Protein chains: 2
Amino acid sequence: MNIGEVARASGVSAKMIRYYESIGLIEAAKRKGSGAYRVYSDGDVHVLRFIRRSRDLGFTVAEIANLLRLWQDRRRASADVKSLVTAKIADLDTRIEELLSMKRTLEHLAMNCNGDHRPDCPILDDLSGKACCHGNGG
Amino acid sequence: MNIGEVARASGVSAKMIRYYESIGLIEAAKRKGSGAYRVYSDGDVHVLRFIRRSRDLGFTVAEIANLLRLWQDRRRASADVKSLVTAKIADLDTRIEELLSMKRTLEHLAMNCNGDHRPDCPILDDLSGKACCHGNGG
DNA sequence: GATAATCCTTCCAATGATTGGAAGGTCAAG
DNA sequence: CTTGACCTTCCAATCATTGGAAGGATTATC
């Protein structure tokens, strides 16, 4: 298969396939007779699908490299894989909590804003540092 | 104040202050006598704090530019500010949902993995596309 | 007034994953 | 041998931020 076909088959763009090759995430593809045109096999599709799925789950390229190594190591301990996954879960938790915190604040601000034609805006007051409604509750 | 002092006072790094100036988010600071060394006032600290807080709440630079414009426009409608905020909330919701979806999948995978010294690993099986436990329930 | 320490200046590069485009080479079909 | 679709490499941009280099300005001290 050419790179376009393998891209369609795997869901990884041709651009990204070349990029993954350039950074060593995947092996350099063999070339057709004259040396141009990368050639791929079904096995490569398999690898790229693995990468695609890992990426969709939020793993970085570096982490995917680890996952691939473990995947291809028949003597791996499943604990090693699991620890990567649990670390990633913790990672996601952190990011989710950050986003939730932002969201809560914004919802609080929006709730107190009339949202009409008048200029009075507690949102801007808050952003500018003015004490508003959530001081020390004193 | 020099840029270092205003950076400490506002919580925005000197690097970022220069960057914000370069992209036009803030006005170019006046320079000290000889033309070197940017000089800042308390008002600038105020602006930078506004930016800092907006950034912490997840607004992009482009969005902060809008917020600043509204902030400085005394005839703004609070509805305009509120719509920026509600759009950002929707934005956060989308990202949170994506992360939660990843997390759920990873937790599901981790739950089914023994995490011991043996190589059998449903996580890798799933990543590689093997049908595992969550097929069509047949 | 020399010197050292600290600050500032500009410019360039890297991050991480991805996309875009330009300029040109290759292949398959007609 | 042309056409068109595909491929190649290389360079640049994204977004916000950080890092460093090389050098100039200011301040404090002697």
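Below is a short chat about how the protein chains meet the two DNA strands in a predicted model.

Trainee: Let's start with DNA strand C. Which residues come nearest?
Mentor: Lys15(A), Ser34(A), Tyr37(A), Gly4(B) and Tyr37(B), out of 18 residues around the strand. Sugar and phosphate make up 62% of the strand C atoms that come within 4 Å of the protein.

Trainee: What does Tyr20(A) sit by?
Mentor: A phosphate oxygen of strand C lies 2.7 Å from a polar side-chain atom of Tyr20(A). Ile3(B) uses a backbone N or O atom instead, 3.4 Å from a phosphate oxygen of strand C.

Trainee: And which part of strand C does the Tyr37(A) side chain reach?
Mentor: A base nitrogen. The distance to an N or O atom of that side chain is 2.7 Å.

Trainee: Which element gives the most to that surface?
Mentor: H2(A), with 4 residues. By class, the surface near strand C has 8 nonpolar, 5 polar and 5 charged residues.

Trainee: Switching to DNA strand D. Which residues come nearest there?
Mentor: Gly4(A), Tyr37(A), Lys15(B), Tyr37(B) and Arg55(B), again from 18 around the strand. Here sugar and phosphate account for 64% of the strand D atoms within 4 Å of the protein.

Trainee: What does Arg38(A) contact on strand D?
Mentor: A phosphate oxygen, 2.8 Å from a polar side-chain atom of Arg38(A). Tyr20(B) also places a polar side-chain atom 2.8 Å from a phosphate oxygen of strand D.

Trainee: Which elements give two or more residues to this surface?
Mentor: Helix H1 (3–10) of chain A and helix H2 (14–22) of chain B. H2(B) gives the most, with 4 residues.

Technical notes. Residues numbered from 1 in each chain as written. Chains lettered and ligands numbered in written order. Predicted model: local features only at pLDDT ≥ 70, side-chain atom pairs only at ≥ 80, totals over all residues. Heavy atoms only, no water. Near = heavy atom within 4 Å. Polar contact = N/O pair within 3.5 Å; in protein donor to acceptor, adjacent residues only side chain to side chain. Nonpolar A, V, L, I, M, F, W, Y, C, P; charged D, E, K, R; others polar.
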